Amino acid sequence: MEKGKEDYIAHCLILPYPSQGHINPMLQFAKRLSQKGVKITLVLTKFLHKTIQEFSSSPISLETISDGFDEGGRAQAESLAAYRKHFRLIGTETLSELVEKHKTDFAVDCIIYDPFLSWVLDVTQKFGLVSAPLFTQSCAVGNIYYHVYKEELKLPLLETQKIVIPGLPLLESSDMPSFISVHGSHPESFEMVLYQFQNLEKANWIFVNTFHKLEEEVINSMTKFLPVKAIGPMIPSMYIDQRLMDDKEYGFSMFKPISDVCIKWLNERARRSVVYVSFGSLAQLGAEQMEELAQGLKMCNEYFLWVVRSSEESKLPENFSEETAKKGLIVSWCPQLEVLAHKATGCFITHCGWNSTLEALSLGVPMVAMPQWTDQSTNAKFIKDVWKMGIKARIDEKGLVEQAEIVRCIKHIMEGEEGEEIRTNVIKWKEIAREAIDEGGSSDKNIEEFISSLMSNTS
Ligand code: UDP
């Protein structure tokens, strides 16, 4: 028999910002809530819905709204500012229609949304719904942006400036998100990250994809002015607890993963013998950097699995795949969690996107940090100096990580005695991450608190 509204604790809409790194944690949160008896409707833009390469999640309903660019999404808009403006106007209208539509069957109680779309709060207020923004970046990064938004941190920074922000370690200018360290570099993106805070104090809940022990000091410091709740790490629970294999059906990908080939290839490799290399869904390496990385991987003589998105393929050195065929596998997209969880994976060369960082941390894979832009330099600082989960590749005066440096970093992690501390730390963090989202863990308690409040709202 079909379930009715009375069979659920509450009905939440979940609206991610349409990019892979923002969708993944939202979808996992959707799943957690659904497992705990909340009806979830995932709301996607029409264009995103069309581009999905892989999605199945039976208990979660799917609905679409418009961002005004149904044929091409962000790429169709002339600028990020134009995209955001249309999304706000048309999104407000179409999201309101969606809430109206459900009034007679599954009335909506709450909207969980990406703070990049902070206009959603107006929709929740119009309909008297609970508002719950979910930050998909680290609490540390949120704290930095907040201090800039409040003008407590004045820009531009001096190149040699030491930055003191409550709750954070002493930071250098180069540890700051790129929109701040290279002031004026991406003005429209910078405006978007600050926009997250424009009405935040009016939100009923403020979630962050992190966990208490990972960012204890910054969470404690931030809660003095914003009641942030850590609910992460939002990665599929099967990777935390092998008994939860059902999670496999919760994939969502904008790219087509070359799954079977990757896993078969990894199955043939020895324990901790493979270097996994990926720069996520957006970062674009310069041709020279690609060359250095490629030559470094070749010189190092370790097995490697390298994700080179189709749009980046032309930057690979000529005949590189053929020349390294015995040692390397290059794919356009992989099932990253399965790769990180695989026993053959011994090291992760990463751009330090927040999801990749949390995934490596939760699955116990040491990292070589090669941050490219946005929040990645800050994540790299924490990976290296705070959590001691990896090292950061040194950049030369031309702004490149040279091939010899790539080799040094890989050897440091994979072989050297120096890597021992890192290899021990990854085991520790893996365990702490699991505890946080296990039943009764710090993140699980925060989720339960949210659910109890939804229950008392709807009863
Ligand atoms: N990812 C994946 N396959 C790949 C590369 C990345 O599934 O080949 C996933 C990865 O697991 C992560 C997301 O894409 O969840 C990338 O998010 P992240 O925040 O690390 O970086 P972004 O793409 O936002 O820069």
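The residues of the shell around the ligand divide into 7 nonpolar, 10 polar and 1 charged. The model is predicted, and the ligand is a convenient place to begin the tour.

**Stop 1: the ligand and its shell**

Display the ligand together with the 18 residues around it; the ones that come nearest are Gly-21, Gly-280, Gln-336, Gly-353 and Ser-356. Next, colour helix H1 (20-35), helix H12 (336-341) and helix H13 (354-363), the elements that each give two or more residues to this shell. Which of them supplies the largest share? Select H13, which contributes 4 residues.

**Stop 2: strand E1 and its two partners**

Move to strand E1, residues 11-15. All 5 of its 5 residues are buried, so the strand is largely enclosed by the rest of the structure. Turn the view to inspect each face of E1: His-11, Leu-13 and Leu-15 lie on one side, Cys-12 and Ile-14 on the other, and every one of these is buried.

Now add strand E2, residues 39-45, which runs parallel to E1 and is joined to E1 by 4 bridges. To find the register, select His-11 and its bridge partner in E2, Lys-39. With H1 also shown, E1, H1 and E2 can be followed as a right-handed β-α-β unit.

Strand E5, residues 110-113, is likewise parallel to E1 and joined to it by 4 bridges. Here the pair to select is Leu-15 and, opposite it in E5, Tyr-113.

**Stop 3: helix H5**

Select residues 139-149, which form helix H5. Is this helix largely enclosed or largely open? It is largely enclosed by the rest of the structure, because 9 of its 11 residues are buried. Highlight the buried residues: Cys-139, Ala-140, Val-141, Gly-142, Asn-143, Ile-144, Tyr-145, Tyr-146 and Val-148. Continuing past the helix, stop at Glu-151, which follows H5 and has a positive phi, near 60°.

**Stop 4: the open sheet of 6 strands**

Select the strands in the order E14-E13-E12-E15-E16-E17 to display an open sheet of 6 strands with parallel pairing. Strand E14 (328-331) and strand E17 (390-392) stand at the edges; each has a single partner strand, so one side of each is left without a neighbour in the sheet. Viewed along the sheet, the twist averages 15° from one strand to the next.

Add helix H9, residues 259-267, which packs on the sheet. H9 touches strand E12 (274-278), strand E13 (303-307), E14 and strand E15 (345-350), and its direction makes about 165° with that of E14.

At the E17 edge, select strand E16, residues 367-369, which pairs with E17 in the parallel sense over 3 bridges. Within this pair, Met-367 stands opposite Gly-390 in E17.

**Stop 5: Asn-209**

Finish at Asn-209, in the loop between strand E9 (206-208) and helix H8 (216-222). Is this residue buried or exposed? Asn-209 counts as buried, because it has 26 C-beta neighbours inside 10 Å, where 20 or more are required.

Show its contacts beyond four places in sequence: Asn-209 touches Pro-25, Leu-134, Phe-135, Thr-136, Ile-231, Gly-232, Pro-233, Met-234 and Leu-358. As a last step, draw a distance between the C-alpha atoms of Asn-209 and Ile-427; these residues are 218 apart along the chain, and the two atoms are separated by 20 Å.

Methods. Residues numbered from 1 in each chain as written. Predicted model: local features only at pLDDT ≥ 70, side-chain atom pairs only at ≥ 80, totals over all residues. Buried ≥ 20, exposed ≤ 12 C-beta atoms within 10 Å, placed from the backbone. Near = placed C-beta within 6 Å. Nonpolar A, V, L, I, M, F, W, Y, C, P; charged D, E, K, R; others polar. Pairing = 2+ DSSP bridges. Right-handed = clockwise from strand over helix to strand, strands pointing away. Axes fitted to C-alpha atoms, helices over the stretch in contact; angles between N-to-C directions. Contact = placed C-beta atoms within 7 Å.
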